[in-house]
Amino acid sequence: MTDTATSGARATPARARSGRRSLGATAEAFLLALPMWVVFAAFFLLPLAVTVTVSFWEFTQYSIEPAFIFRNYTDLFDGCVEDLPYLCTTLKTYLSTLKFCAAVWLATLVLGFTIAYFLAFHVRTLPVQVTFFLICTIPFWTSIVIRMIAWIPLLGRNGLVNAALQGAGITETPLEWLLYSDFAVILALTHLYTLFMVVPIFNSMMRIDRALIEAAADAGASGWQTLTNVVIPLARPGILIGSIFVVTIVMGDFLTIGIMGGQQIASVGKTIQTQIQYLQFPLAAANAVLLLVAVMLAISALLRMVDIRREL
Amino acid sequence: MTTRRTFLKGATALGATSLAAPYVHAQEPVTLRYLSTAVNQSPGIAQRAGEELGINIEYIAVTTDDVARRVITQPNSFDLVDTEYFALPNLIPSGNLKGMDASRIDRADQIASVIREGTVDGQQVGTDGTAPFEVLYLDSADGQSFAPEPTDFITLIPTTYNADTLGIRPDLIDGEVSSWSALLDPKFAGKAAILNIPSIGIMDAAMAIEASGGITYGDKGNMTRDEIDFTIDRLIEAKRAGQFRAFWSNFNESVNLMASGEVVIQSMWSPAVTAVRTQGIACKYQPLQEGYRAWASGFGLPRTIDGRKEDAAYEFINWFLSGWAGAHLSRQGYYPAVLETTKEVLEPYEWAYWYEGQPAEQDIMSPSGELLETAGTVRDGGSYADRMGAVACWNAVMDENQYMVRKWNEFIAA
Amino acid sequence: MGDGRRPRSFYALSAVFALFVAFLWGPMVAIVALSFQGPEGGLVFPMRGLSLHWFEVLLSNRGSVDITGAFLRSFRLALVVMVLTVVISVMAGLAFRRVFPGSLALLYVAIASLIVPSIVVSLGIGLEFRLLDGAVKALGGEWAQGNFVTLLGTYTSGLGAHLTWTLPFGLLIMFAVFNRFDPAYEEAARDLGAGKWQTFRHVTLPIIAPFLIGVAVFGFTLSWDELARSSQVMGSQNTLPMQLAALTTTVTTPEIYALATLTTGASLCLVAVLLVVAWALRRRQGE
């Protein structure tokens, strides 16, 4: 008690001082943030501006020419209105990407929430928590390029999983849908991004006052009621932040969908990549701008529900 | 001998750096930054060139599509590029490559006739697509258009070329495969694959569709919009019917698909078939009645190269054509630019196996000393003349490329 | 609560966690197993032979995988990215403790940098530097014509591209740190006459230090494994993932798995060392 009182009393002159210095403090804050501004301006905003500009340029098979045309955008939506109810390529591609977004979001959310809950409420000491996190992180230190190849020996016709299933007598013939299918894509994406869900949810859960949970239990709430009425609402910010990560990364993915889908499944990222491959930069740029708008819309909706700065 | 020489060189270099720093620049060996896919970058060749020429080869390995992209967008990030002829209609108008001075290439007139004229033993081969002889010469050193007749300005000096066909797993396939139409045969539903490099994949598809009847293409390497529409529609049908297990876009993927048994029939490079076989798995490079789809790759120089680097680049290219590199590549299953010098370096039994379609008198070894084939085997597809002479079309980029890529994306999304 | 008996849900959740770990490590298991094949081995099951052959090939540098240069390049780049990420993130984190002109905009830019697909960023930076190269050549006169190659490089465009990926993570972690930070300590230090730098050095920094390890690990890992953003911006020299991507298109031997096994083994050792160090530090702090 005494301590608090003294520090409170002492804080007053300090606050007064900081009031006088507030202009200097603001300038100082601005300067501190300057390096980050510089990096983002030079390597993010400017390149993005270049991309948007180029999306209105003309192109041939080998060059891009300054211009101001909308053909890249009209090409993108070619047949999207007049061919309804048949979906045009762009709509189909976005739908397929969104489908993966939804499936992976659900899978990572359920799995990530469960893991975070375990780590936050059942693992009691920090060193053990850190160790568990590291165990989960190490597989990601091997290059993604190599890890992707390794799914084939695992899930393929003659892969480990099929061998195990047949060995155990569960299936007679190899399961074909384990690899090069929607399932394979969702599995690999869940594999890659569950941790992105675990970390923020864990973070939110660690901030929940344990007394609240005890209070709920004392008031006669069942474990399930405590979960739905106390833990989930309080972990909401973490859930939303994790969701933002997962949704955006899956929207832009082309590597995983490509490899795990046997290159037979379309994604927006893959389309952009093919266009870059063929040096159709303006078309790729237009596609990128469209993807950007779609992602921003999704995120701004999510951000409306959470103040990311306060909730971390 | 070599070891001692290398050691001395090393010692000199060390001495030079520690004692005479200001003079090092003049003495320093030239480094050539060699841009290509990893397939073309044999460590053995770089090492040998370093020993014989004192030129330091620094490989920049990128994927197939990245080669063309880097030539166009980062023309000063390399000194030597090894790229495919079919990319030239895109690369040359960009002005980033220079026409090579034919008088500085010692064996310019010995380059294989299939590349120079499109003939094998005097017989014309198929010219559908971008045949190398159509894009081999420029009208001037800085020219941005191709010359129909031979000139002194060469676009690319060939490094490797070959003919692709269907690769099959004979142990997993019943009956004979003799036509490209097998690729779309429902018998292989769920076990076929095609190439996901649109401009090449569509040609494989065209070979298969034409073979199964219903269409005759004007030029499979330069389709009209109607032909593209027809081809893509057929592909979409096949995809919906579950014909394809996967699409592949590089050497390794094609080998893995085949070796793991995921796929039993797909178009393949000859060295990829060899790679599957070295794992002890039956795999056959199957000659087909409609002929082969061929490709060729070669050295180009960036517009900006000059001085010592340019001299070194010519020196390296001349060395490349002088036999050792050609033999090295032959043992991997590729064909080299100059056959005569290659023959001088290969052992007679190797030449007979790789080029003449003779049964191997001794075991056939890879450059790194692995057993490729046991004595008595005959090379799939037979001799050089049998293979290159039966070329039906060449890898290409079409005039309707933009439209084709769009339709291909539609196929992927279907 | 600490010594209470474990509820039943504990065992169910432990099982889920164990399965999750098995799931995460699944591909690694395949990689490690397949790296121990004999000389005729391939990249897929079944195993062909059992030996250390591919490790020998890799270490004797006579195989087709030449990654030493790219490995060192990526390692150095990841270290630089790590240090810059920590420094810039801490500075920005301190700045964000108050409102300053453009703070909201910076926040949105950082988040945007995280969610704009990497291939778009890479494309943009590549195009930007192409324009810059043109400008230098136009303005640089004779010297530039002869000597200037490109501004693209590992430590120009490459470094920048990686920072656009690591800094948002760094910043978000700093938010989390400073939201829980009790300013009373700093006020106390200032009241005792400490200067700004002294306060930061002796009070703020020690408190946030453990979290900076997190920022550093994030920075290093994200840079180390970055592929999509690197693709258009590295100039003539490949980073390790780019080199591997190029190699995986051609290498069909388990040599590449041997490499993965070695790097994972090394990572495990590194983690063990870090844990011991952290444990020792805690003990020292405890005293």
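Let's start where two chains meet: 24 residues of chain C are in contact with 25 residues of chain B, contact here meaning C-beta atoms, placed from the backbone, that lie within 7 Å. On the chain C side, α5 (118–139) and α10 (240–248) each supply at least two residues, and α10(C) gives the most, with 5 residues. Helices (H or I, at least four residues) and strands (E, at least two) are DSSP runs numbered from the N terminus.

A word on the source: this is a predicted model, in which local features need pLDDT of at least 70 and side-chain atom pairs count only at pLDDT 80 or more, while totals for chains, interfaces and linings use all residues. Residues are numbered from 1 along each chain as its sequence is written, and chains are lettered from A and ligands numbered from 1 in the order in which they are written.

Chain C also touches chain A, and that contact takes 77 residues from chain C and 75 residues from chain A. Elements giving two or more residues to the chain C side include α3 (68–95), α7 (154–179) and α11 (255–286) of chain C. The largest share, 16 residues, comes from α1(C).

The table sets out the classes of residue on three contacting sides. Ala, Val, Leu, Ile, Met, Phe, Trp, Tyr, Cys and Pro count as nonpolar, Asp, Glu, Lys and Arg as charged, and the others, Gly among them, as polar.

| Side | Classes of residue |
|---|---|
| Chain C, touching chain B | 8 nonpolar, 12 polar and 4 charged residues |
| Chain C, touching chain A | 57 nonpolar, 14 polar and 6 charged residues |
| Domain 1 of chain B, touching domain 2 of chain B | 12 nonpolar, 12 polar and 4 charged residues |

Chain C itself has 11 helices and 0 strands. Of its 287 residues, 43% count as buried; a residue is buried if 20 or more other C-beta atoms lie within 10 Å of its own, exposed if 12 or fewer, and partly exposed in between. Among contacts in chain C between residues at least 6 apart in sequence, 72% join residues at least 24 apart.

Helix α1 of chain C deserves a look of its own. At 1.5 Å a residue, its 28 residues (8–35) should span 40 Å, and the end C-alpha atoms are indeed 40 Å apart; the expected span is 1.5 Å times one less than the number of residues. A kink of about 45° lies at C:Trp25, shortly before the proline C:Pro27, the bend being the angle between axes fitted to the seven residues ending there and the seven starting there. C:Pro27 is buried, as are other residues of α1(C), among them C:Phe17, C:Phe20 and C:Leu34.

Turning to chain B, an automatic or database domain assignment gives domain 1 (2–162 + 294–348) and domain 2 (163–291 + 364–413). Their C-alpha centres lie 28 Å apart, and the contact takes 28 residues from domain 1 and 27 residues from domain 2. The mean pLDDT of chain B is 85, and 93% of its residues reach 70 or more, pLDDT being the predictor's confidence in each residue, from 0 to 100. Over residues 1–26 of chain B the pLDDT is below 50.

Finally, two residues stand out for their backbone. A:Tyr180 has a positive phi of about 55° although it is not a glycine, and A:Tyr180 counts as buried, with 29 C-beta neighbours inside 10 Å. B:Asp121, also not a glycine, has a positive phi of about 50°; B:Asp121 is exposed, with 10 other C-beta atoms within 10 Å.
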